[in-house]
Amino acid sequence: QVALVESGGGMVQAGGSLRLSCTASRYTSSIYAMGWFRQAPGKDREFVAAIRWTGSSNYADSVKGRFSISRDNAKNTVYLQMNNLEVEDTAVYYCAIQYGYSWLVNPDYWGQGTQVTVSS
C-alpha cells in the first residue's frame, strides 16, 4: 500500500500563485508516473499534469504555460507550481501515482485531495 499526502491548497485571487505538494510514503517501483487531477463541482475529474520517473512531463492544454510540475526523488515528492491562476482552476486537486510506463491512465493510488479556490 502507498499513501499519498497532499498539501498546499488554499484560497487565492485570480492571477495569484499556489504550490501543491504530494509526498508518497514509498515507491514500490522505480518506473512510474505521478501527478495531478482535479475535479470542480458538478464536473468530471480531469487530468492536469504528470511527471515520469525519467523527468519528462505532460500537461493538460488548459494549464500549459501556467502550471509546472517537478519532483524531488530524495523526498518522494512531486510539486505542482500554479501561476496566473484563473477562477476556472477552482477545484479539488488529487495527487495520483501509476507504476509502469503509462501516463496516469489508470492510477494505482490516489491522495485525499486538497481544495484550491480562486476568487475573482
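## A tour that starts at Arg 66

Select Arg 66 and, setting aside its neighbours within four places in sequence, you will find it in contact (heavy atoms within 4.5 Å) with Gln 81, Met 82, Asn 83, Asn 84, Leu 85, Glu 86 and Asp 89. Arg 66 sits in the loop between β6 (57-59) and β7. With a relative accessible area of 10%, Arg 66 is buried; that word means under 20% relative accessible area, with exposed for over 50% and partly exposed in between (1.4 Å probe, protein chains only).

Before we go on, a word about the model: it is predicted, so local features need pLDDT of at least 70 and side-chain atom pairs count only at pLDDT 80 or more, while totals for chains, interfaces and linings use all residues. Residues are numbered from 1 along each chain as its sequence is written, and side-chain values use heavy atoms, leaving out hydrogens and water.

**Zoom out to the whole chain**

Colour by secondary structure next. How many helices and strands does the chain have? There are zero helices and 11 strands, where helices (H or I, at least four residues) and strands (E, at least two) are DSSP runs numbered from the N terminus. Following the chain from its N terminus, the elements read β-β-β-β-β-β-β-β-β-β-β. The radius of gyration of the chain is 13 Å, close to the 14 Å that the globule rule gives for 120 residues, so the chain is as compact as a globular protein of that length. That radius is taken over C-alpha atoms, and the rule is 2.2 Å times the number of residues to the power 0.38.

Show the C-alpha trace and turn it along its principal axes: it spans about 40 × 25 × 25 Å. Of the 120 residues, 45% are buried. Among contacts between residues at least 6 apart in sequence, 57% join residues at least 24 apart.

Switch on the surface if you like. The accessible surface of the chain comes to about 6,000 Å², and carbon and sulfur atoms own 46% of that; the areas come from the Shrake-Rupley method with a 1.4 Å probe, and for residues only the protein chains shown count as cover.

**Select Cys 22 and Cys 95**

The structure holds one disulfide, a disulfide being a pair of cysteine sulfur atoms within 2.5 Å. Which residues form it? Cys 22 and Cys 95 do, with their sulfur atoms 1.9 Å apart. Cys 22 lies in strand β3 (residues 18-24) and Cys 95 in strand β9 (residues 91-99), so the pair ties together parts that are 73 residues apart in sequence. Look down the S-S bond: the angle about it is -85°, and the link of Cys 22 and Cys 95 is left-handed. Both Cys 22 and Cys 95 are buried.

**From Cys 22 to Asn 76**

Keep Cys 22 on screen and add Asn 76, which lies in the loop between β7 (67-72) and β8 (77-82). Not counting residues up to four places away in sequence, Asn 76 touches Cys 22, Thr 23, Ala 24, Ser 25, Arg 26, Tyr 27 and Met 34. Its relative accessible area is 19%, and Asn 76 is buried. Now check the backbone, remembering that most residues other than glycine have a negative phi. Phi of Asn 76 is near 55°, a positive value in a residue other than glycine.

Then jump to Leu 104, in the loop between β9 and β10 (109-110). Leu 104 also has a positive phi, of about 55°, although it is not a glycine. Is Leu 104 buried or exposed? At 3% relative accessibility, Leu 104 counts as buried.

**Visit Val 2 and Val 118**

Select Val 2, in the segment before β1 (4-7). Val 2 counts as buried at 4% relative accessibility. Beyond its neighbours within four places in sequence, Val 2 is in contact with Ala 24, Ser 25, Arg 26, Thr 28, Tyr 99 and Tyr 109. For a distance to draw, take the C-alpha atoms of Val 2 and Val 87: they are 32 Å apart, with their positions 85 residues apart along the chain.

Finish at Val 118 in strand β11 (residues 114-119). Val 118, at 4% relative accessibility, counts as buried. Not counting residues up to four places away in sequence, Val 118 touches Val 12, Gln 13, Ala 14, Leu 85, Glu 86, Val 87, Asp 89 and Thr 90. Leu 85, Glu 86 and Asp 89 are also among the contacts of Arg 66, where the tour began. One last line to draw runs from Val 118 to Ile 31, 87 residues apart along the chain, whose C-alpha atoms are separated by 34 Å.
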